[in-house]
Amino acid sequence: MKDNVEQPGRLVDINRLELTRIVEREGGSRLGSLAKNSDTANNRFVRDRYPLVTQAILAGASPQLRNAATNGGNLMQRTRCYYFYDVAMPCNKRQPGSGCGALEGFSRIHAIFGASRQCIATHPSDMCVALAALDAVVQVEGPQARAAFRSQSFIVCPATHRRSTQTSNAMN
């Protein structure tokens, strides 16, 4: 949004929802979607029981970003690459059917698994990789529906332009 790459029709502030808690549970934990990444990485239970999550969060961003970023925001980042931000270059993620500038351009940090002729972008979250390795479950809830997804199926492969209808409906 800040670079005018996308202009959503509506923004919804969910900060008043009580989703900041990190709760130890029998057999696991619940990481609130509005909990800051820094709070999650520094939580005693998460550090002790899930060091992979702590390491991934600490490796994934600067302290300034970790203090502002949330668990939910980290998971919901859009699969993208540098070409997504360059509106002078084609990008099927930004505008389906326009092409992929990364295919013939600089592609050092792009996907080697799940890539296609349409896109070779990767999901930018190190936390998501850790959650997938731990076989975590992502729970989403909307006003009319709840759904749970294994973390591996929650993240969209580069070849996919949109999240599944099932995921979108559960969150709307």
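Which helix does serine 151 lie in? That would be helix 9, a stretch covering residues 151-154. Before we go further, keep in mind that this is a predicted model.

So is serine 151 buried or exposed? Its relative accessibility is 4%, and because buried means under 20%, serine 151 counts as buried. As for its company, set aside the neighbours within four places in sequence, and serine 151 is in contact with Leu131, Ala132, Asp135, Ala136 and Val138.

Serine 151 also turns up in the lining of the second largest pocket, which has a volume of about 210 Å³. Others in that lining include Thr122, His123, Pro124 and Ser125. Ala132 is there as well, and you've already met Ala132 as a contact of serine 151. Who gives the most to this lining? Helix 8 does, with four residues. Helix 8 spans 126-133, and both helix 8 and helix 9 supply at least two lining residues each. Sort the lining by class and you get five nonpolar residues, five polar ones and one charged one.

Now for the cysteines. How many disulfides does the count come to? Zero. Cysteine 81, for one, is in no disulfide, and the nearest cysteine sulfur, in cysteine 100, is 5.9 Å away. Cysteine 119 also has cysteine 100 as the home of its closest cysteine sulfur, at 5.2 Å. Why is there no bond between cysteine 119 and cysteine 100? Because a disulfide needs the two sulfurs within 2.5 Å, 5.2 Å is too far. Here are the two cysteines in a small table:

| Cysteine | Closest cysteine sulfur | Relative accessibility |
|---|---|---|
| Cysteine 81 | cysteine 100, 5.9 Å | 14%, buried |
| Cysteine 119 | cysteine 100, 5.2 Å | 5%, buried |

Finally, how confident is the predictor? The protein averages a pLDDT of 84, and 88% of the residues score at least 70. Which element has the highest mean pLDDT? Helix 1, residues 37-42, takes that spot with 96. At the other end sits helix 10, residues 165-171, with the lowest mean, 38. Over residues 161-172 the pLDDT stays under 50, and the model has 26 contacts beyond four places in sequence for that stretch. Where pLDDT is low, the predicted coordinates should not be read in detail.

Definitions and conventions. Residues are numbered from 1 along each chain as its sequence is written. This is a predicted model: local features need pLDDT of at least 70, side-chain atom pairs count only at pLDDT 80 or more; totals for chains, interfaces and linings use all residues. Side-chain values use heavy atoms; hydrogens and water are left out. Buried means under 20% relative accessible area, exposed over 50%, partly exposed in between (1.4 Å probe, protein chains only). Contact means heavy atoms within 4.5 Å. On a 1 Å grid over the protein atoms alone, a cavity is a set of points where a 1.4 Å probe fits but cannot get out, and a pocket is an open set with protein on both sides within 12 Å along at least five of seven lines; lining residues have an atom within 4 Å of a point. Grid points are joined across faces, edges and corners, and a volume is the space filled by probe spheres set on the points. Ala, Val, Leu, Ile, Met, Phe, Trp, Tyr, Cys and Pro count as nonpolar, Asp, Glu, Lys and Arg as charged, and the others, Gly among them, as polar. pLDDT is the predictor's confidence in each residue, from 0 to 100.
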